[in-house]
Amino acid sequence: MPTETFEFQVEARQLLQLMIHSIYSNKDVFLRELVSNASDALDKLRLEALRDDTLDADVSDLHIEIEADREARTLTVRDNGIGMSRDEVVGLIGTIANSGTAAFLRELKEAKDSAAAEGLIGQFGVGFYASFMVADEVTLVTRRAGQSEGTRWTSDGAGTYTIDEAADAPQGTSVTLHLKPEDSEDRLHDYTASWKIKEIIKRYSDFITWPIKMAAEPAAPAATEQSGDEGADEPAEQDAKPSEPETLNSMKALWARSRDEVSDAEYHELYKHISHDWHDPLETIRLHAEGTFEYQALLFIPAQAPQDLFMQDYQRGIQLYVKRVFIMADCEALMPPYLRFVKGVVDAQDLSLNVSREILQQDRQIQLMHRRLTKKVLSSIKDLMSAHPERYATFWREFGRVLKEGLLSDFENKDAILAASSFASTHDAQELTTLPAYVERMKEGQQEIFYMTGESRQAIEKSPHMEAFAAKGIEVLLLTDPVDEVWVQAVPEFDGKQLRSVAKGEVDLDSDEEKAEGDAEREKQQEEFAGLLGWLKERLTEQVKDVRLSSRLTVSPACIVSDTHDVTPALENMYRAMGQEVPTAKRILELNPGHPLVSGLRTAHAERADDEGLAETAELVYDMALLAEGGELSDPSRFVKLMADRLERTL
């Protein structure tokens with residue numbers, strides 16, 4: 001067959017020019033593309049040999065071979081897979097004649113960054129042409145299994161390609177790249193260097209199921225002593241013997257093997273390779289999805305939180321493979337941000353290579369994987385809680401704060417997140433509790449789950465807001481993480497029980513019998529204190545919206561509470577720290593009518609309402625209530641002066 005020269009189509013020429021001028025930011029991926037194509041060819045041959053007993057093909061030693069020639073500056077990737085006929089070469093390689101080429105070029109021009117551009121290549125099935133980023137000329141030699149004639153395709157990517165017969169072509173396909181000179185500024189490495197080839201294969205193709213072989217570096221030539229007078233003292237060199245080819249990939253796709261075939265040590269080594277963590281993982285999660293969309297997942301929960309977990313540039317995401325070919329190191333679309341600590345591998349069978357991050361966000365299959373993987377991780381965490389309490393305690397200590405972030409964004413899995421969460425409470429000074437366990441312990445007639453937020457357990461337990469709850473033995477959740485201030489606003493109830501802050505709104509803890517017995521007493525107190533309450537509300541109008549008698553205080557004279565639907569001061573401060581303008585909400589001053597200070601103030605007000613000293617006392621009562629809850633005084637020096645004056649009078 002004579003050599004024939006063809007011109008690329010206009011669109012194909014444009015595409016090749018883009019490749020030659022490198023739209024990839026990472027040129028190493030050309031080898032990933034060639035290895036992926038070779039792996040596909042081996043898969044196809046194995047399948048066809050199983051279906052067709054008459055196929056004249058050698059399937060005894062299927063493998064991929066890489067050959068580098070430093071002197072000639074060539075790199076060859078060879079497989080003994082299915083191969084291609086001449087027509088297939090023309091149709092699949094020669095013309096890029098597919099309907100997506102025009103769309104590819106149009107979207108490529110619209111791509112705003114190199115990452116988006118890279119993703120489009122795989123989407124439109126033209127990854128083979130990535131070879132022209134690193135090569136001045138590409139030669140492809142192929143023979144289809146079962147056929148006798150081979151085909152050679154050659155092009156420099158400039159505008160034409162040639163096709164001729166390759167009579168001696170072995171079964172399969174070899175792609176030889178005539179490499180461009182090394183250029184570190186353009187990130188064009190020496191792709192004949194064995195260390196570089198090994199690095200790329202280890203990173204992108206380690207779990208390809210076929211062996212990827214390369215001739216080992218020849219050993220240094222051995223020296224022998226010469227005999228005779230001439231050169232008797234000079235050693236003679238023997239020619240180096242070629243060594244056995246070296247297999248570059250481990251071929252251990254652990255996620256595709258059954259659990260009983262893989263040791264914990266192997267799982268742990270894979271985790272350490274993926275995460276760069278020195279510790280063994282806390283939990284290993286396996287998932288194999290079959291049906292219309294098949295994928296395997298092998299996920300890990302670390303035993304220790306990384307130091308940068310809460311930093312903005314924390315690199316999160318799961319490694320994504322397609323048919324054992326590495327695609328992306330940090331596929332964020334597979335896992336929500338609140339599970340960003342999860343590491344692992346997902347291997348999908350039906351995705352295209354080089355899918356970009358933008359495409360992944362919109363891909364329906366990725367979205368389905370995201371949903372199922374999220375539910376699987378949450379259920380695994382809940383299982384840890386019951387089956388391995390000590391490991392769960394470690395998990396919650398390291399990642400509880402992150403998990404609770406999901407209550408602000410993942411409303412579909414809100415109940416699952418709450419079920420996998422645990423909280424400190426007044427029920428036990430050491431052990432955490434779950435919401436279901438809290439509900440089981442609720443007192444008869446109790447309809448709400450009570451909680452209080454604060455900086456520490458000690459600060460909350462000593463807060464005046466807790467006095468009535470402690471007196472009646474009613475359990476209160478003690479929430480001390482900053483995220484707690486936010487999620488409690490987004491989660492109104494659990495298991496039909498309202499979540500209620502003990503520091504907001506009015507509190508009524510009395511039973512129906514106690515209410516009936518105390519109604520007359522409360523009405524009497526309201527009448528007796530009406531004058532004082534009205535006067536205090538007027539005197540403190542800049543600080544509070546209302547002054548009322550309290551049902552939550554048993555020991556302290558006063559406390560300050562927020563209205564039921566108002567933002568708490570701590571949440572206001574968080575928003576301001578994030579640069580958001582938040583109006584300051586006035587709060588409510590509650591007085592304990594049974595405290596001597598409050599009853600004495602009522603008597604003094606009835607006797608000498610115009611006494612300026614009473615106004616100062618009112619100011620002190622408010623400031624003390626503010627300090628008791630850990631608040632900040634607007635004028636600390638004035639508070640000190642007023643307190644010093646009062647103390648002086650007692651001496």
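T541 is partly exposed, with a relative accessible area of 38%. This residue sits in the loop between α16 and β23. Its C-alpha lies 9.2 Å from that of K586, although T541 and K586 are 45 residues apart in sequence. The model is predicted, and the points below cover the surroundings of that loop, two further sets of strands and the protein overall.

**The three-strand sheet next to the T541 loop**

- β23, which follows the loop holding T541, belongs to an open sheet of three strands.
- The strand order in this sheet is β23-β25-β24, and the pairing is mixed.
- β23 (544-549) and β24 (558-561) each have a single partner strand and stand at the edges, so one side of each is left without a neighbour in the sheet.
- From one strand to the next, the twist averages 25°.
- β24 runs antiparallel to β25 (residues 587-591), and four bridges pair the two strands.
- V561 stands opposite I588, a residue of β25.

**Helix α16 and its partners**

- α16 spans residues 512-539 and lies across β23 and β25.
- The direction of α16 makes an angle of about 160° with β23.
- Two packed helices are described by the angle between their axes and the distance between the axes.
- For α16 and α18 (residues 596-607), the axes come within 9 Å and cross at roughly 85°.
- An angle from 65 to 115 degrees counts as roughly perpendicular, and α16 and α18 are therefore roughly perpendicular to each other.
- On the α16 side, the contact is made by E528, F529, G531, L532 and W535.
- On the α18 side, the residues met are V598, S599, L601, R602 and H605.
- The residues of this contact of α16 with α18 comprise five nonpolar, three polar and two charged.

**Strands β19, β21 and β22**

- β19 (residues 448-453) and β22 (residues 497-501) run parallel and are joined by four bridges.
- Y451 has S501 in β22 as its bridge partner.
- β22 also pairs with β21 (residues 493-494), in the antiparallel sense and over two bridges.
- In this pairing, F494 stands opposite K497 of β22.
- β21 and β22 form a hairpin with two residues between the strands.
- D495, in the turn of that hairpin, has a positive phi of about 55°.

**The nine-strand sheet**

- Another open sheet has nine strands in the order β1-β6-β5-β4-β7-β3-β2-β8-β11, with mixed pairing.
- Its edge strands are β1 (4-7) and β11 (246-247), each of which pairs on one side only.
- β2 (residues 64-69) and β3 (residues 74-79) run antiparallel and are joined by six bridges.
- I66 stands opposite V77 of β3.
- β2 and β3 form a hairpin with four residues between them.
- In the turn of this hairpin, R73 has a positive phi of about 50°.
- β2 also pairs with β8 (residues 212-214), here in the parallel sense and over three bridges.
- E65 stands opposite K213 in β8, and the bridge partner of I64 in β8 is I212.

**Helices on the nine-strand sheet**

- α2 (residues 29-51) lies across β2, β3, β7 (172-179) and β8.
- The direction of α2 is at about 20° to β3.
- α6 (residues 194-204) packs on the sheet as well, touching β2, β3, β8 and β11.
- The direction of α6 makes about 175° with that of β8.

**The protein overall**

- The secondary structure comes to 20 helices and 25 strands.
- The protein has 651 residues, of which 48% count as buried.
- Among contacts with a separation of 6 or more, 71% are accounted for by residues 24 or more positions apart.
- The accessible surface comes to about 33200 Å², and 47% of this surface belongs to carbon and sulfur atoms.

Key:
Residues numbered from 1 in each chain as written. Predicted model: local features only at pLDDT ≥ 70, side-chain atom pairs only at ≥ 80, totals over all residues. Heavy atoms only, no water. Axes fitted to C-alpha atoms, helices over the stretch in contact; angles between N-to-C directions. Parallel < 35°, antiparallel > 145°, perpendicular 65-115°, else oblique. Contact = heavy atoms within 4.5 Å. Nonpolar A, V, L, I, M, F, W, Y, C, P; charged D, E, K, R; others polar. Pairing = 2+ DSSP bridges. Buried < 20%, exposed > 50% of the residue type's maximum accessible area, 1.4 Å probe, protein only. Areas by Shrake-Rupley, 256 points an atom, 1.4 Å probe, with all protein chains shown as cover.
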